[in-house]
Amino acid sequence: MSRTHLNADPVRVGYWRLNINGGVWGLTSFPFGSIPRAPLDCFHWLKLVASQLDSTEFGLFLCICWTVWWSRNKKLFQGDSWTPYQVVCFATHYMDSFYLQNSDTRKPVASPSQTRWQCPPLGTIKLNFDGAALDHGNGTGVGVIARDHTGACLDWISTHQHTWASAELTEALAAREAIFLAQRRGWPSIILEGDCSSLITKLELASQDLSAVGLIVSDILMVAPLFHSCKFNFVRRDCNAVAHMLAKSGFGSSEVSSVLPSAAASLVLVDISP
């Protein structure tokens, strides 16, 4: 396709459709003063925008433009649209998930050797956790399952919220739910197991900062010493299937029960089968 046939409307309308100061773009840190309003064509305009942003910012910029255009179509054809906050949160979560899945940040310090879920030692409870976008696309979910040395389910959590958060932040929320569950149940020795290596690394290194994820990591690390033993373990997604399914499904807004939904129970049987 030649440059003259590039349609500038989706990007240009996406960029300027909402109020810059108080709407979508007011929730970002993009340098508006250096980004031109009236490009000659879409290609040259995007080239100028790209020169003002680093690659990560430019990727988020394009994703937000696409999300605004999608929200515009949603309002036009379905009579409903997202708020500026929902637009930015969705785009941020989408890009965070993309980078997490396609960069070294998801690789563990030492690659896990196990290829399937493994039972914890006798006397230790393993809590698998996961955070994910819901299947119906309306928010994020948290899933936790606690199992003993036989693989039997002792408790589980499947919650959801109708807001978006970054992939790592959602994982951190899930890990906090897991350790809080263990604290409520009074289990002395636990293993927190998840498939987000960047989060597990922060927990293992006690890496704390003032970011949203860092504050949740601090919450987890404050509770960890209350246990006789508390270990953090990274596994591949294949070994975290039950928690992932609970997070994706959002079975209940505050459901906590030892009786698993049938779909999750089937995955537990797969985990413990010979």
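pLDDT is the predictor's confidence in each residue, on a scale from 0 to 100.

**Entry 1: confidence**

I am working with a predicted model, so I looked up the confidence before anything else. The chain has a mean pLDDT of 78, and 73% of its residues reach 70 or more. I then asked where in the chain confidence is lowest and where it is highest. Helix α1, residues 9-16, sits at the bottom with a mean of 50, while β4 is at the top with 97. Over residues 1-9 the pLDDT is below 50, and I noted 9 contacts for this stretch beyond near neighbours in sequence. Residues 16-22 also stay under 50; here the model has 17 contacts beyond four places in sequence.

**Entry 2: strand β2 and its partners**

Next I went to β2, residues 140-147, and asked how many of its residues are buried. I found that 8 of the 8 are, so the strand is largely enclosed by the rest of the structure. In a regular strand the side chains alternate between the two faces of the sheet. For β2 I wrote down T140, V142, V144 and A146 as pointing one way, with G141, G143, I145 and R147 pointing the other way. Both sets are buried, and I was glad to have R147 on that list too.

Which strands pair with β2? On one side of my notes is β1, residues 125-133, which runs antiparallel to β2 and is joined to it by 8 bridges. Within that pairing, F129 stands opposite V144. The other entry is β3, residues 153-161, again antiparallel to β2 and joined to it by 8 bridges. There I picked out A146 of β2, which stands opposite D155 in β3. The hairpin of β2 and β3 has 5 residues between the strands, and G151 in this hairpin takes a positive phi near 90 degrees.

**Entry 3: D195 and helix α6**

I finished with D195, which I located in the loop between β4 (189-194) and α6 (197-204). Is D195 buried or exposed? It is buried, with a relative accessible area of 1%. I then looked up which side chains D195 meets in polar contacts. One such contact, of 2.7 Å, joins the side chains of D195 and R237. Another, of 3.3 Å, links the D195 side chain with that of N240.

Moving along to α6, I listed its buried residues as S197, S198, L199, I200 and L203. After the helix comes A206, and I noted its positive phi, near 55 degrees.

Note on methods. Residues are numbered from 1 along each chain as its sequence is written. This is a predicted model: local features need pLDDT of at least 70, side-chain atom pairs count only at pLDDT 80 or more; totals for chains, interfaces and linings use all residues. Side-chain values use heavy atoms; hydrogens and water are left out. Helices (H or I, at least four residues) and strands (E, at least two) are DSSP runs, numbered from the N terminus. Buried means under 20% relative accessible area, exposed over 50%, partly exposed in between (1.4 Å probe, protein chains only). A polar contact is a pair of N or O atoms within 3.5 Å; within protein, one must be able to donate a hydrogen and the other to accept it, and residues adjacent in sequence count only if both atoms are side-chain atoms. Two strands pair if DSSP finds at least two bridges between them. Contact means heavy atoms within 4.5 Å.
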